[in-house]
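Reader: I should like to understand how certain terms are applied to this structure. Please explain the reasoning behind each.

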Amino acid sequence: MKKLGLLAAALLAGFVAWGFAQGLTADQILDRVEEKSFIGTEKGSIVGTIKLELTEEGETLNYVFRVFGKQGKGDEPDKFLMVYLEPELVSGTMFLSWAPEEGDVRMWLYLPDLGIVKEIVGESKKQEFVSGSGITYEDLSKGFRFREDYDAELAGEEEVNGIACYVLTLAPKEGHKTDYSKIVLWIDKEHFNVMKMESYKDGELTGVMVGSDLREDSIGYIPHHYRFQDLEEDKTSEITIVDRQAKEIPDDYFDPQKLPTLKIEGL
């Protein structure tokens, strides 16, 4: 899991107020975090708009995406569709994922210039969805999921931008190949949003994510802005959640075979 850890995207994120909780273990806190997703599909079906600003060597590139999420029922996977709107060079490109509670995520990329749908497999899942962002296709699909590969320890409590947080230290499980040797998370004690994340490789800090603009929208109380710093490559990416709303989404939006002819409402 890369910078997003997110949503992703980690992006991407916490989207429902759970109320103040006392005496939780590290695993219970992570469970609360992982019940959420990048755009809040624990609320059912969600539609939103996201902006990405990527800064490298003094140059900033801007991207805009329309995103659609649907929570799976029973054994059905969570489904996520991202439509690239800006810049014009990539407009119309679509990324679709199906993320089951257990097992591998399936992903597809629709390339409008070629008119083809390509399934993303193997190591390609770890490629950045926007070059230089530090956020992979896998991050977008999974959001903040750590339990599979990391053991968590409750290290204490601290404030982040005035928000009382649990501090969790995550270490790789024995025999698991992971991107990081350690991850430290600061989790909003009241709403279970990831407010800050630090990632380490061989004991060296390599990445930092901080959430801000914490406020309530029509779905819940969340940070609407995330800043990601790649200390290895001196890059910065910022994600802004422009809007979100609960809305029923046709099943066609999540059918890879229908992406080439899909008509997105409002676009």
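Author: The following exchange concerns salt bridges and the accessibility of their residues. This is a predicted model, in which local features need pLDDT of at least 70 and side-chain atom pairs count only at pLDDT 80 or more, while totals for chains, interfaces and linings use all residues. Residues are numbered from 1 along each chain as its sequence is written, and side-chain values use heavy atoms, with hydrogens and water left out.

Reader: Why is the pair of Asp 31 and Arg 147 called a salt bridge?

Author: A salt bridge requires a side-chain nitrogen of Lys or Arg within 4 Å of a carboxyl oxygen of Asp or Glu. The closest N and O atoms of Asp 31 and Arg 147 are 2.3 Å apart, so the pair meets that definition.

Reader: What makes this a link between distant parts of the chain?

Author: Asp 31 lies in helix α1 (residues 26–34) and Arg 147 in the loop between α2 (137–142) and β7 (150–160), 116 residues apart. Helices (H or I, at least four residues) and strands (E, at least two) are DSSP runs, numbered from the N terminus.

Reader: Why is Glu 198 called buried?

Author: Buried means under 20% relative accessible area, exposed over 50%, and partly exposed in between (1.4 Å probe, protein chains only). Glu 198 has 13%, and is therefore buried.

Reader: Why does Lys 196, the salt-bridge partner of Glu 198, count as partly exposed?

Author: Lys 196 has 22% relative accessibility, which lies between the two limits, so Lys 196 counts as partly exposed.
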